[in-house]
Amino acid sequence: MKKGIILAVTLLLGAGVWMAASFTTTEAPPLKVGDVAPAFTLKNVDGKMYPLREIKDANGNTPKGYVVTFTCNTCPYAVMYEDRIQEMHEKLSPMGFPVVAVMPNDIDVKPGDSLDKMKERADDKGFTFKYLIDEKQDVYPMYGASRTPEVFLLTPNDKGQLILRYTGAIDDNAQNADAVTVNYVEKAVKAVMSNQEPSPSKVKAIGCSIKVKK
C-alpha cells in the first residue's frame, strides 16, 4: 500500500514538473537601458550575411558603438526618416557609431519590404549603411522593438558585451525634419563619448507598428 502511495505521489510530482516545463516561455523580455543587448547575424541588401560585431565604422575601425535602427520601406514615418537616417550615419559613423538598419516586417504582410525591394530602395536613396533583413523575425523581439523607425544605441562594456544606452525616437519631430530641435540619438552619442549617461535615455518612438504574420 505504501509503495502504491509513493508511486502515485512520484507520478504526480513528475507530471507537475512536466507541466511547468511545458508552459515555461523562452521569449526574452524587452531590453531596458543598461541591459546586455544580443548580437545578431543578418542578411544585407548585397546578399551577404553580416554579424553585427563585424560591421566597421566609416574609417574601417571597430566601432565605439552601434546605432541599431529598426526601419522599413513601407511605413510613412520610416520614409520620412530615410534621409535623416542616412545623414545620421554620415555624421556618426566617422565618430565610431555607424547606423545598422534592420527591416523587421513580415514580407508576406508587407511585400514592399522584401529584400529585393530593400535593395531597390537602398540603391535609389544611396544608403551607405548596412540595411539588413530580419527574415525570421527573431531579432526585433529580443530588443523589444515595436515601431519603425526605432533606435537602439549600443556600446561595449569592459567585458565586450553590448549595452543598451539609449532607445526610442531619433528626434523630436517626425513630421518635419526642418523643425527638429533635439536629435536624441546625436545627443546620446555625445553623452556617451563624454563618459556620461544619455539624458533622456528613452523617448517613445513614433512610427508604424512592426508587421507580423497573421
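What percentage of the 214 residues of the protein chain count as buried? In this predicted model, the figure is 42%. A residue is called buried here when its relative accessible area is under 20%. The accessible surface of the protein chain comes to about 11,800 Å², and carbon and sulfur atoms contribute 55% of that surface.

The secondary structure of the protein chain consists of five helices and ten strands. Eight strands are assembled into an open sheet, and their order across it is 2-1-5-4-3-7-8-9. In general, the strands of a sheet are held in pairs by backbone hydrogen bonds, in either a parallel or an antiparallel manner. In the present sheet the pairing is mixed. Strand 2 (49–51) and strand 9 (202–203) are the edge strands, since each pairs on one side only.

One edge of the sheet may be followed in detail. Strand 1 (residues 41–44) runs antiparallel to strand 2, and three bridges join the two. Within this arrangement, Thr-41 stands opposite Pro-51 of strand 2.

Helices also pack against the strands. Helix 3 (residues 115–125) packs on the sheet, where it touches strand 1, strand 4 (99–103) and strand 5 (130–133). The direction of helix 3 makes about 165 degrees with that of strand 5. Helix 5 (residues 184–193) lies across strand 3 (66–70), strand 7 (150–156), strand 8 (162–168) and strand 9, and helix 5 runs at about 10 degrees to strand 7.

Finally, the contacts may be considered along the sequence. Among contacts in the protein chain with a separation of 6 or more, 73% come from residues 24 or more positions apart.

Note on methods: Residues numbered from 1 in each chain as written. Predicted model: local features only at pLDDT ≥ 70, side-chain atom pairs only at ≥ 80, totals over all residues. Heavy atoms only, no water. Pairing = 2+ DSSP bridges. Helix = DSSP H or I, 4+ residues; strand = E, 2+ residues; numbered from the N terminus. Contact = heavy atoms within 4.5 Å. Axes fitted to C-alpha atoms, helices over the stretch in contact; angles between N-to-C directions. Buried < 20%, exposed > 50% of the residue type's maximum accessible area, 1.4 Å probe, protein only. Areas by Shrake-Rupley, 256 points an atom, 1.4 Å probe, with all protein chains shown as cover.
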